[in-house]
Amino acid sequence: MRKMIFRNTILYILIIAAGFTIAGCKKGYLDIKPKGQLIPQTTDDYREILDFVSNKNSVGEKSCVLVTYGVVNLLADDYQISDSTQYKAMITTDRSLWYKWGQQGVYADDREDPDWKAVYGQIYIMNSAIDGIPNASGPQADKDELLAEAQFHRAFCYLGLVNIYAKAYNSSTASTDLGVPMRLGIGLNESLKRGTVQDVYDMVIKDLEAALPKLKDNQGVYNFRPTTAAAYALLARTYLYMGDYHKALDNASKSLQVNNFLYDYNAELDLNPASTKYGYFKNQATFRSWDDKEILLQKETTYNTSLYYYGYSTIWGPTVWNLYDTTNDLRYINYF
């Protein structure tokens, strides 16, 4: 008892001393803004943060909103290593670690997993936005929309993480199967304990349902900004993974009610083989992903820039050719 009283007394003295120390600081000393750094205080500030798309060739080192996981592409059967030279080049990179992890469940002790780093980096940004937006200055409608976008991006991240790093959803074991650490705040002392698979899925659904009423139906060329169609589509994917096919169908239908656009290539494409092997859309100098009206939400794979170049890994040619009429199908001519 004496030890407890003594300890509490010392703690009380330290708290009082700290209070006087803080009170004695000159006003404004703690208000100095670091040069070259953005401390978000307005809805315009948070819009800049949530619109940070960076450059797709550097997303592994930048936690921008386009960042998403890339390892699932390398683990898919669609990709083939083109030749032995490229294979030897790949085994000296993180791509070989991803392959080893997928096959053996191990990763290098002294290396960072680029997917884990990038996606949790994005989660930190979204948590910071969710924490700060309510107190930012600006119109309430802007706050609501920004908060909804941050909730969507966080849900997208966690749905990817739990499916890469944990067991697939099984309704009979999801409440006990370990998922991934659920960081929902920005405190330094927050727990890194892994939530269960069920915990993660519940959080994903909660975020998306909270975001839906405040999202816009259309963002125009800003297709990296979440919309209601994207949120319904992500809910549909979530319920599909859970095996709840009725809810998956319901949300997929709602997504299509908002946006069911498909290009009519016969009307839209302006094929000009003399200048390029790809077809351009009419009245468009080049095809840009943010102009694609069929994309519900634009995301880029993280770190693994080799996926953009056929010299490293490619979709096996005959697999693609056998899917299309290579002479008349405009999808093949335009995309492959």
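This is a short walk through the helices of one protein chain, taken from a predicted model.

Okay, the overview. The protein chain has 13 helices and eight strands. There are 336 residues in the chain, and buried ones make up 38% of them. If you take contacts between residues at least 6 apart in sequence, 65% of those join residues at least 24 apart.

Let's go to helix H6 and helix H7. H6 is residues 114-132 and H7 is residues 140-165. How do they sit against each other? Their axes are 9 Å apart, and the packing angle is about 150 degrees. Anything over 145 counts as roughly antiparallel, so that is what we call H6 and H7. The crossing of these two is left-handed. As for who is touching whom, the H6 side includes Trp116, Tyr120, Ile123, Met126 and Ile130. Across from them, H7 brings in residues including Leu147, Arg154, Cys157, Tyr158 and Leu161. There are some polar names in that contact as well, among them Asp115, Gln122 and Asn127 from H6, and Gln151 and His153 from H7.

Next pair: H8 and H9. H8 covers residues 197-211, and H9 runs over 228-242. They pack at about 160 degrees, with 10 Å between the axes, and therefore H8 is roughly antiparallel to H9. The crossing here is left-handed. On H8, the contact is made by Gln198, Tyr201, Val204, Ile205, Leu208 and Glu209. On H9, look for Leu234, Leu235, Tyr239 and Met242, among others.

Keep H9 in view, and we'll move on to H10, residues 245-258. H10 has 14 residues and reaches 20 Å from first C-alpha to last, close to the 20 Å expected. Which residues of H10 are buried? Those are Ala248, Asn251 and Ser255. They sit on the same side of H10, because the arc they cover around the axis is only 75 degrees. If the spacing looks familiar, here's the background: an α-helix has 3.6 residues a turn, so residues three or four places apart point the same way. And what covers that buried side? H9 is part of the cover over the buried residues of H10. Now flip H10 over. The face turned away from the buried side carries His246, Leu249, Leu256 and Gln257, which are exposed. Note that two leucines, Leu249 and Leu256, are on that exposed face.

That's the tour, from the H6 and H7 pair through to H10.

Technical notes: Residues numbered from 1 in each chain as written. Predicted model: local features only at pLDDT ≥ 70, side-chain atom pairs only at ≥ 80, totals over all residues. Heavy atoms only, no water. Helix = DSSP H or I, 4+ residues; strand = E, 2+ residues; numbered from the N terminus. Expected span 1.5 Å × (residues − 1). Buried < 20%, exposed > 50% of the residue type's maximum accessible area, 1.4 Å probe, protein only. Arc of directions from axis to C-beta. Contact = heavy atoms within 4.5 Å. Axes fitted to C-alpha atoms, helices over the stretch in contact; angles between N-to-C directions. Parallel < 35°, antiparallel > 145°, perpendicular 65-115°, else oblique. Left-handed = near helix turned anticlockwise from the far one by under 90°.
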